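User: I am a first-year student, and I would like a close look at the salt bridges of this protein. Could you take me through them slowly and set them in the context of the rest of the chain?

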Amino acid sequence: RTSVACRASSRPARRQRRDAVSTEVLIAHDFTHIRKLVGLSLLAKNGQSSEYESWKLTLLPGTGPRRGAEPVEGRSSGEATPEGALKNLQTLESKLEQDLFETWSLLDSSVDGLGAEAAGKGSWVKVGMLIGYRLAAHADWSLAVVRWLTRNGDERVRVGLRKLRGTA
């Protein structure tokens, strides 16, 4: 009986191109927090802001502001511009508790996934868990699943995320 070592001369190619990125990504991992952030994203894109006197940040997706709440920038209805939506969302998020989401470094991106790194954080991360993410320059919260992770001795956690298609 003869054994033959099977080894390719080169590493297998990736199915999709991965682009290096150097920016921030906001990460939420608690399901109720993800729902709240997705709901705030919808409000922000519809031209709503938290500039109302008695408005409370307890909205979930599919709910709207109370009657009589005025949208920002004098909009009576319709969607906000992408810049206006991002500004609205940042205003809404600034009113939330600080531990609702974390800021990670985005390292690379592809059509179906993201690679990110958290320094001194991420002790809660587990393979297979659902997370919410938002790129710093966009007003959309999206969903992803943790595909892999590596932990280094210096408290750095590298995470591979598979994006879930569709609207959160």
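Analyst: Before turning to the charged pairs, it helps to fix some words: a residue is called buried when its relative accessible area is under 20%, exposed when that value is over 50%, and partly exposed in between. R156, for example, is partly exposed, because its relative accessible area is 33%. Please keep in mind throughout that this is a predicted model, so every value below is computed from predicted atom positions.

R156 is a good place to begin, since its side chain meets that of E117 in a salt bridge, with 3.7 Å from N to O. E117 belongs to strand β3, residues 113-119, and R156 to strand β6, residues 156-163, so this pair ties together parts of the chain that are 39 residues apart in sequence. The two partners sit on either side of the cut-off for burial: E117 counts as buried because its relative accessibility is 18%, whereas R156, at 33%, is partly exposed.

The whole structure holds 4 salt bridges, and another of them joins K45 and D140, whose side chains meet at 2.6 Å from N to O. Here K45 lies in helix α1, which covers residues 31-45, while D140 lies in the loop between β4 (130-135) and β5 (142-151), so the pair connects parts that are 95 residues apart in sequence. Both ends of this bridge fall into the middle class of accessibility, for K45 is partly exposed with a relative accessible area of 28%, and D140 is partly exposed with 36%.

A further salt bridge is formed by R134 and E93, whose closest N and O atoms are 2.8 Å apart. This pair, too, links distant parts of the chain, with R134 in strand β4 and E93 in helix α2 (residues 82-94), 41 residues apart. R134 is buried, with a relative accessible area of 3%, and E93 is buried as well, with a value of 7%.

To place these pairs in the chain as a whole, note that the protein has 2 helices and 6 strands, which follow one another from the N terminus as β-α-α-β-β-β-β-β. Links between distant positions are also found in the overall contacts: among those with a separation of 6 or more, 62% are between residues 24 or more positions apart. Of the 168 residues in the chain, 38% are buried.

Helices α1 and α2, already met through K45 and E93, also take part in the largest nonpolar core. That core has 18 residues, and those touching the most other members are A28, L37, L40, L89, F101 and W141. The elements that give two or more residues to this core are β1 (19-28), α1 and α2, and α1 provides the largest share, with 6 residues. There is also a second, separate core of 17 residues, which includes W104, Y133, V157 and V159.

Lastly, the surface can be set beside these interior groups. The accessible surface of the chain comes to about 11000 Å², and 47% of that belongs to carbon and sulfur atoms. F31, L130 and L164 make a nonpolar surface patch of about 250 Å². Of these residues, L164 is located in the segment after β6, and L164 is partly exposed because its relative accessible area is 31%.

Methods. Residues are numbered from 1 along each chain as its sequence is written. This is a predicted model: local features need pLDDT of at least 70, side-chain atom pairs count only at pLDDT 80 or more; totals for chains, interfaces and linings use all residues. Side-chain values use heavy atoms; hydrogens and water are left out. Helices (H or I, at least four residues) and strands (E, at least two) are DSSP runs, numbered from the N terminus. Buried means under 20% relative accessible area, exposed over 50%, partly exposed in between (1.4 Å probe, protein chains only). Contact means heavy atoms within 4.5 Å. Accessible areas come from the Shrake-Rupley method with a 1.4 Å probe; for residues, only the protein chains shown count as cover. Patches are made of residues with over 30% relative accessible area and no salt bridge: like charges are joined within 9 Å, nonpolar side chains (Val, Leu, Ile, Met, Phe, Trp, Tyr) within 5 Å. A nonpolar core is a set of buried Ala, Val, Leu, Ile, Met, Phe, Trp, Tyr and Cys residues joined through side-chain atoms within 4.5 Å.
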